[in-house]
Amino acid sequence: MERLYAELKKVLRGRVRRSEPMWRHTSWRIGGPADILVEPASVADVEHTMQMAAARAVPVTVIGAGTNVLVLDGGIRGVVLKIGYGMAALEINGLRITCGAGLKLGRLAHAACAAGISGLEFACGIPGSVGGAVVMNAGAAGGQMSQVVEWVRVFQPGEGLKVLAGGELGFAYRYSALQQSRAVVLEVGLGGRPGDSESIRQQMQQNLAGRLAQQPLEWPNAGSVFKNPPGRAAGQLIEAAGLKGYTIGGAQISSRHANFIINLGQARAADVLALIELARAEVKRKFDVELVCEVRILGEA
Ligand SMILES: Cc1cc2nc3c(=O)[nH]c(=O)nc-3n(C[C@H](O)[C@H](O)[C@H](O)COP(=O)(O)OP(=O)(O)OC[C@H]3O[C@@H](n4cnc5c(N)ncnc54)[C@H](O)[C@@H]3O)c2cc1C
């Protein structure tokens, strides 16, 4: 690991850190150390990192803004590649937008609004990067990424750089086939409809106000922990199971929104996992419904 770290530091333009606590890189503010954390400044940095790690058989884990991940307390072995500020370029051409995967989704939504491009209003208030949003097919207020993504440029281990059309991404509810692949999303092409900036802005403000009213945003969290089962709301099932406000260690099932687990300050991933298991078991026992995690669990206990 020391040799790889030294090599990466020498070759990359972006930041490279050793034994980096992952709680600094997740919205839950939870997670043990990554052996090496790379924040690439360019596509070339990503290519070099992937190739140098592969040459030493070191695993690579990709994250964006860390708003939908639970990093376990033992941290992540190998390299964590964080696609963020160094890959956040944005270009608008008519109704087409091209952006780096590290661009914040909120910035994308505001840029689309300013340019009079409708279709991304739903994204206002969803934290995270555009790359993470594509991988998760993030959505809200009746919209989701699958409706606006036209193509993605990825680095595919063993194949190199390639472009995939939106139709090849296997989008479904909070799912894309990218979740099963080792592809790193580098750049995203999106398309919208002509719209009026003022109406778009009003719709975005309305979406944001709804979120502020419902979500416990004053505490570190990762948004909805579980996917909604068909025809049901996961939060309502957890609430009906009597778990609102239930606390284990430093983690709590939010009393404001039962599909959110909040970090009261000193939560460990083990506390969050225990609440996840409890919610799953109680909802299964009381309503015979299997809850499926939306958040992605990374690293080792
Ligand atoms: C307060 C709050 C509210 C939220 N509300 C919503 C909501 O309304 N709707 C919704 O859908 N989600 C919501 N989320 C969840 C989250 O914001 C989204 O899933 C977001 O799109 C994740 O983006 P990210 O960059 O943080 O991804 P991360 O959490 O960093 O990663 C998520 C997954 O994507 C992969 N990944 C990330 N970037 C890349 C890349 N460039 N290449 C390859 N793989 C990558 C990671 O490996 C991981 O599996 C919310 C979260 C919070 C904290």
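**Exercise 1. Which domains does the shell around the ligand draw at least three residues from?**

Before we start: this is a predicted model, so local features need pLDDT of at least 70 and side-chain atom pairs count only at pLDDT 80 or more, while totals for chains, interfaces and linings use all residues. Residues are numbered from 1 along each chain as its sequence is written, and side-chain values use heavy atoms, with hydrogens and water left out.

*Solution.*

Step 1. Domain 1 (2–82) and domain 2 (88–214) each give the shell at least three residues. Those bounds come from an automatic or database domain assignment.

Step 2. Now count the shell: 34 residues surround the ligand, and V62, G64, T67, S129 and G139 are the closest. A residue gets in if one of its heavy atoms lies within 4 Å of the ligand.

Step 3. Go through the elements. At least two shell residues come from each of β3 (60–63), α4 (130–136), β9 (139–140) and β13 (184–191). The largest share, 5 residues, belongs to α4. Helices here are DSSP runs of H or I with at least four residues, strands are E runs of at least two, and both are numbered from the N terminus.

Step 4. Sort by class: you get 17 nonpolar, 13 polar and 4 charged residues. Ala, Val, Leu, Ile, Met, Phe, Trp, Tyr, Cys and Pro count as nonpolar, Asp, Glu, Lys and Arg as charged, and the others, Gly among them, as polar.

**Exercise 2. Find polar backbone atoms that sit by oxygen atoms of the ligand, then say how much of the ligand the protein buries.**

*Solution.*

Step 1. Start at V62, where a polar backbone atom is 2.6 Å from a ligand oxygen. A polar contact is a pair of N or O atoms within 3.5 Å; within protein, one must be able to donate a hydrogen and the other to accept it, and residues adjacent in sequence count only if both atoms are side-chain atoms.

Step 2. Move along to A65: one of its backbone N or O atoms lies 2.9 Å from an oxygen of the ligand. For G66, the distance from a polar backbone atom to a ligand oxygen is 2.8 Å.

Step 3. On its own the ligand exposes 970 Å², and the protein buries 93% of that. The areas come from the Shrake-Rupley method with a 1.4 Å probe; for residues, only the protein chains shown count as cover.

**Exercise 3. Work out which side of helix α1 (residues 2–11) is buried.**

*Solution.*

Step 1. Pick out the buried residues L4, Y5 and L8. Buried means under 20% relative accessible area, exposed over 50%, and partly exposed in between (1.4 Å probe, protein chains only).

Step 2. Check how they are arranged. These residues are on the same side of α1 because they cover an arc of only 100° around the axis. The arc is that of the directions from the helix axis to the C-beta atoms.

Step 3. Look at the other face: turned away from the buried side, it carries exposed R3 and K10.

**Exercise 4. R29 and N137 both have positive phi without being glycine. Is each one buried or partly exposed?**

*Solution.*

Step 1. Take R29, with phi near 55°. You'll find R29 in the loop between β1 (15–21) and β2 (33–39). R29 is partly exposed, at a relative accessible area of 40%.

Step 2. Then take N137, whose phi is about 45°. N137 belongs to the loop between α4 and β9, and N137 is buried, with a relative accessible area of 0%.

**Exercise 5. Trace the side-chain contacts of N221 and K286.**

*Solution.*

Step 1. Locate N221 in the loop between α5 (197–214) and α6. N221 is buried, its relative accessible area being 11%.

Step 2. Follow the N221 side chain one way and you reach the backbone oxygen of W219 at 2.9 Å. A polar atom of that side chain also lies 2.8 Å from the backbone nitrogen of G223.

Step 3. Switch to K286 in helix α7, which is partly exposed at 40% relative accessibility. A polar atom of the K286 side chain lies 3.2 Å from the backbone oxygen of A241.

Step 4. For contrast in burial, try V272: this residue is also found in α7 (residues 269–287), but V272 counts as buried at 1% relative accessibility.
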